[in-house]
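Visitor: Please show me the model. I have some questions about its backbone and its helices.

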Amino acid sequence: MDNNRIENRDGAVTNPVSDNSAYKMPYSQGPYPQVPEWTKNIVISDKPWIPPGEEGNVSVRFNESEKAEPDGLDYEAASDEETADKKEWPMWMQIGVLLMITLVAVALLVANIKARTTSPEEVTTVPAAVTTVQSATSVPATVPSVSGAITNNYTTENTGSDKEDKTTEKDDEPTFAPSVSNGQSEKEKKEIIEYFNECSNRVKAEAVKVVKNFENRSHNEDKLKLPSAIKGVAKSVLESKITDLTEPVEYPTAEAIIARYPVPGAEWSSKLTAEDVETATRTDKGDEYEITLFLKTCVDPSPETGTSRAMDCLDVPTVRDTAPPFITAFSAEYYDCVIRCRVEKATGRVVWSNYTAPVLLKLGLDAGFVEFDAEIGLTFEKDYTITY
Amino acid sequence: MEKIKMGKIVEMDGDEMTRIIWQMIKDELLLPYVELNTEYYDLGLPYRDETNDEVSIKAGEAIKKYRVGVKCATITPNAQRVEEYNLKEMWKSPNATIRAILDGTVFRTPILLSGVKPAVRTWEKPITIARHAYGDIYKASEFRIEGPGKAELLFTGEDGRTEKATIYDFECGGVLQGMYNKDSSIRSFAHSCFRYALDTKQDLWFSTKDTISKKYDQTFKLIFQEIFDSEYKEEFEKAGIEYFYTLIDDAVARVIRSKGGYIWACKNYDGDVMSDMVSTAFGSLAMMTSVLVSPDGNFEYEAAHGTVTRHYYRHLKGEETSTNPVATIFAWTGALRKRGELDGNAELMTFADKLEKATLGTIEDGKMTKDLVALWQGERAEALTTAEFIGAVKEKLSEMM
């Protein structure tokens, strides 16, 4: 049994091509295919093809990578002189190239995220005096902070577990948002979601001004998976690049609100269905309702699917299409996402909203002669006040 | 020599060339040594038509009664066959009928020979494919969308409760498909797989794509795990075998680098594709056995191949054919061995072992049917007709008895 197993293989997003250079099948040297009759390349349409003459470039694996397989099934070329030279590159050079690739990948991600969250020509920074008032309004004393709500609910609803444990779950195990409403009926959930959709969609149709009170952006250190040699440097890069936006930003026109309020660019704010939501609660707060929606885990969203039906998510298919060649695989898993808002009972208008979106980005990176997988966990929290 | 006595099994005769071989195997290899105790059902197409396919249902019910059956390959009629046999209607596949009655899972296992090297160089032991032959795309509703519009998924409960989700807002033409499976069927599939793994003392692998299909495939994964944890974990530990779940893409990567020697449980489409891949890579469909196992422990053995129609037409012209009977012989040995196991009949089990050894030994001696000659990598290979091959096996078996 053990001989058949390839230990520690993370199946969730692993690109077989980046994980096993046997798939690239050199013609005349190096690893032999498992099927001896395979003497020519078989091209799988969604995998990168290595053209003849460049096969040797893919044969060196980074031995200290977390993806290095313990069963000795590596596919090194042995006889080709040119390949042998590349194989013997010193470790410092391999680490340097790894680091460079990681930094470029991180920079691209950060640039992508910034481009989605900032638009200088459409926003206005709110004066400090206004900021104070809006911040106070946005998070009333009776309402716990979103991050606090997640932690509290999780520890109370998941016996014997805590958030630390949750982060160590296998990638093929689904992560669900904590349940806050035991025994909630589907009917009740649907009613709340429909009410939320209705109220939320009034923002873009009726609001005269939206203020983004703050945007917290954090790097989840315990989700970071990289070859150990570069993990420390990559961590510090992430910490320096993924920073909060503490200055309030005002969207004073209908166009700006449509462009920036969730879902950016759409003329609506929510098309959530019961399928997208783990639990939904609506609490009576006097003149207002407080609505909390815990969304289900959503892998690789594209526009108007899963979490993208109410939140600002990466369009993964587009990211894949536009990714540079050294990013051989890309996946984004949105988990434990929470939407909270307060709605005026009399008008059905959302006056405050808060969106928290943890995302686990999984990348396959390939520099031609060295390849590895990376995982980066980020959390975005955006907080808005809406005026009509 | 006194013939070996046995408990009753269900015998299901079939069609065309395999029907001819069936009788040859009985006459030459079984009846001289075993007092065959069978309840006979003629599943040949003419009799199925005559009985309005009632005979298939009765055969399935009989397997439930006696727990062991052996079946010859049969024709699943299409329009051409309806005309050829002048059928009253296009009867369902008897395999599907029996599978539905037994609620069983089909396990296909290759028969290995030293002179036929698997296409995958590391495969040393058989890989058994267990296919969940129910639902999914094989029972899907689908249509083509000719222009823009919204596709929605709607479920209406018995109580009138509805659930609706947008599948896609089409901005252009496209295609749409809706498919389903049932918890009860998945549970039966899981039980059959766990039982067969225990029965054959092999590890059980199971694969789906649950990271992408978080409701549909996840249900398969969770049901398997729940049943394993609650009902089979201890038995597996005692037997020294493992249940191993992984993603389908990971499973494919592992299978292609493995040594074999396990059961790989697959969803319907995966099993369809992978059983052809495995049988081809091991050599030939003519060397694949098939057993239908029900969750409550009934077994139906047969060859994985069809009725070998082309050879039958040549046979009708009076020509000798070289049709490979190995999988059909192994269907009989599988059934006899299982009957022996259930009844504690060691003599019958030993006979089944000897017949298999005689069959493989004949081939290892270089005597085989034409299809194997083309694959043979041993020192010498002599192509025999079907009758000659069965005669050679008989000779070897008589030396062993």
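Visitor: Is Asp300(A) buried or exposed?
Guide: This is a predicted model. Asp300(A) lies in the loop between β6 (298-299) and α10 (316-322) of chain A. A residue with 20 or more other C-beta atoms within 10 Å counts as buried. Asp300(A) has 22 such atoms, so the residue is buried.

Visitor: What is the phi of Asp300(A)?
Guide: Most residues other than glycine have a negative phi. Asp300(A) is not a glycine, yet its phi is positive, at about 50°.

Visitor: Is Lys201(B) buried or exposed?
Guide: Lys201(B) sits in the loop between α6 (183-200) and β10 of chain B. Its phi is positive too, near 50°. The cut-off for exposed is 12 or fewer C-beta neighbours. Lys201(B) has 10 inside 10 Å, so this residue is exposed.

Visitor: Which residue is joined to Pro262(A) by a cis peptide bond?
Guide: Most peptide bonds are trans. Here omega is about 0°. The partner is in the loop between α9 (254-260) and β4 (277-285) of chain A. The cis bond joins Pro262(A) to Val263(A).

Visitor: How do α1(B) and α11(B) lie, oblique or parallel?
Guide: The axes of α1 (residues 16-30) and α11 (residues 326-343) of chain B come within 10 Å and cross at roughly 55°. Angles under 35 degrees would count as roughly parallel. The crossing angle therefore makes α1(B) oblique to α11(B).

Visitor: How many residues of that contact are nonpolar?
Guide: α1(B) contributes residues including Trp22(B) and Leu29(B), and α11(B) residues including Trp332(B). None is charged and 2 are polar. The nonpolar count is 7.

Technical notes. Residues are numbered from 1 along each chain as its sequence is written. Chains are lettered from A and ligands numbered from 1 in the order in which they are written. This is a predicted model: local features need pLDDT of at least 70, side-chain atom pairs count only at pLDDT 80 or more; totals for chains, interfaces and linings use all residues. Axes are lines fitted to C-alpha atoms, for helices over the stretch in contact, and angles run from 0 to 180 degrees between N-to-C directions. Helices (H or I, at least four residues) and strands (E, at least two) are DSSP runs, numbered from the N terminus. Angles under 35 degrees count as roughly parallel, over 145 as roughly antiparallel, 65 to 115 as roughly perpendicular and the rest as oblique. Two residues are in contact if their C-beta atoms, placed from the backbone, lie within 7 Å. Ala, Val, Leu, Ile, Met, Phe, Trp, Tyr, Cys and Pro count as nonpolar, Asp, Glu, Lys and Arg as charged, and the others, Gly among them, as polar.
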